[in-house]
Amino acid sequence: MKNYLLFILIGLTALAGCSEMGSKDSASVNPNGGSGTGGSMARFAVAGNFLYVVNQHSLQVYDVQKSADPNSLSKVSLGFGVETIFPYNNHLFIGTQTGMYIMNLENPAKPQQTALYRHIFSCDPVVAQGNYAYVTLRSGTSCNTGPNRLEVVDISNLANPVQVNEISMINPHGLGIDGNLLFVCEGDAGLKVFDASDPVKLKPIKTFEDIRSYDVIPNRSVLIVTGKDGIFQYRYDASQQLTLLSTLPVEN
Amino acid sequence: MKHLFPPLCLRRFLSPLLLLAVFGCEINRESDPDRTFQGLRPVYATYEEIRTIQTLGPQPLKNPGKIYVKGSYLFINEPGKGIHIVDNSDPATPKKLAFVSVPANVDMAVKENVLYVDNAVDLVALDITDPRKVTVLKRIKDAYPYPSYPQQRGVQFECANPEKGVVVRWETAQLTNPKCYR
């Protein structure tokens with residue numbers, strides 16, 4: 001009986017994992033109910049019936065089974081300098097100033113730490129797709145003098161994340177990945193696009209120096225960019241070009 | 001990686017030290033009377049001001065912050081001010097529908113027709129069924145720690161007093177005998 005229950009539990013976990021993976025893999029937004037998609041700088045994330053919120057030192061879990069009636073459930077302490085949260089494949093990837101926490105959601109009401117991938121003191125949003133996580137490390141006012149770079153981390157074994165690539169950047173902020181295209185915001189230095197067919201050997205495709213960018217959401221072949229000059233939307237496709245669709249400019 | 005960590009015998013002292021470094025901002029300085037320092041002073045908003053959430057017509061985009069997508073809607077945060085709700089069913093012609101004024105807001109997420117936002121120290125659930133008429137469904141008070149110290153380090157500051165309201169920013173000022181330091 002116990003084995004039977006365990007089997008069901010594993011099955012359910014796998015299912016939940018798959019649906020989450022599916023929605024993130026295509027980076028699409030489910031138009032019917034469910035939750036939406038944030039950028040990589042987000043500190044809120046909805047996964048299933050739970051809302052996860054990070055503040056400076058901890059991860060707070062809310063039960064949102066009834067969407068209109070969120071209830072505080074539990075709180076997990078996470079050192080200090082917690083910056084961002086990215087839900088993926090039944091896990092939460094949490095960027096902090098000292099490293100990336102991978103928390104599993106086997107019990108979604110009480111996330112458990114699977115791994116902590118440590119790096120040098122720096123700001124760092126993270127996104128994940130397939131067997132890889134992509135982390136940007138940025139130096140800035142609240143992050144002291146860390147390095148500026150992009151790190152690619154092999155997460156095929158979630159309990160043992162291993163760095164497989166490292167690329168120098170100018171001032172990286174948010175990032176997003178869809179299929180083979182990785183988009184990295186470089187603040188005032190523009191937007192960089194990489195070919196991520198082989199994450200171990202990322203190939204730079206192009207730098208758009210005029211797109212001052214803070215964060216991105218790649219969503220069904222449309223890239224939404226937020227930055228100092230406004231909101232810019234581009235179409236992207238297999239040809240690896242970005243075509244401007246629209247602009248919501250900053251008005252003064 | 002192991003060499004990055006201090007020897008075991010020192011580790012027990014490390015967490016209290018770290019705690020002190022992070023939270024040890026309140027140091028009493030009462031020995032020297034009437035000394036003036038350049039420091040930071042909290043600027044408060046009353047809880048009533050902070051907790052007033054309202055839907056306005058479309059507002060100019062001033063300082064776009066975080067973004068969030070749900071269905072055909074695009075949400076754009078205006079840091080500290082609230083959220084622009086945009087009809088993005090055609091990404092070539094996005095249309096601003098409304099602006100939800102949420103003081104001190106920077107983050108958001110959506111499940112079904114509910115928008116979750118941070119509102120200073122509170123977490124609030126908003127009904128966005130009609131984006132032009134957003135209503136408060138539930139407010140969880142004090143979901144966040146009170147902002148009792150500025151982000152900067154190595155500064156003297158006037159201690160924040162939660163009874164005066166919520167600190168919305170810190171301004172430079174001449175302080176007499178500031179009692180807080182970080």
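I began with the secondary structure of chain A in this predicted model, and I counted 1 helix and 21 strands there. I then looked up burial in chain A and noted that 46% of its 252 residues count as buried. For the contacts in chain A with a separation of 6 or more, I found that residues 24 or more positions apart account for 40%.

Next I turned to the contact between the two chains, to which chain A gives 42 residues and chain B gives 36 residues. On the side of chain A that touches chain B, I listed the elements that give two or more residues, and these are β1 (37-38), β2 (44-47), β3 (50-54), β18 (215-219), β19 (222-227), β20 (230-236) and β21 (242-249) of chain A. I noted that β19(A) gives the most to this side, with 4 residues. Sorting this side of chain A by class, I have 20 nonpolar, 17 polar and 5 charged residues.

I also looked at strand pairing across the chains, where β1(A) and strand β3 (residues 67-70) of chain B run antiparallel and are joined by 2 bridges. For A:Thr37, I recorded B:Val69 in β3(B) as the bridge partner.

My last entry concerns B:Leu123, which I placed in strand β9 (residues 122-127) of chain B. I put B:Leu123 down as buried because 23 other C-beta atoms lie within 10 Å, and the cut-off for a buried residue is 20 or more. Leaving aside neighbours within four places in sequence, I found B:Leu123 in contact with A:Val53 from the other chain, and with B:Tyr116, B:Asp118, B:Ile140 and B:Ala143. From B:Leu123 to B:Val100 I noted 23 residues in sequence and 15 Å in space, C-alpha to C-alpha.

Key
Residues numbered from 1 in each chain as written. Chains lettered and ligands numbered in written order. Predicted model: local features only at pLDDT ≥ 70, side-chain atom pairs only at ≥ 80, totals over all residues. Contact = placed C-beta atoms within 7 Å. Nonpolar A, V, L, I, M, F, W, Y, C, P; charged D, E, K, R; others polar. Pairing = 2+ DSSP bridges. Buried ≥ 20, exposed ≤ 12 C-beta atoms within 10 Å, placed from the backbone.
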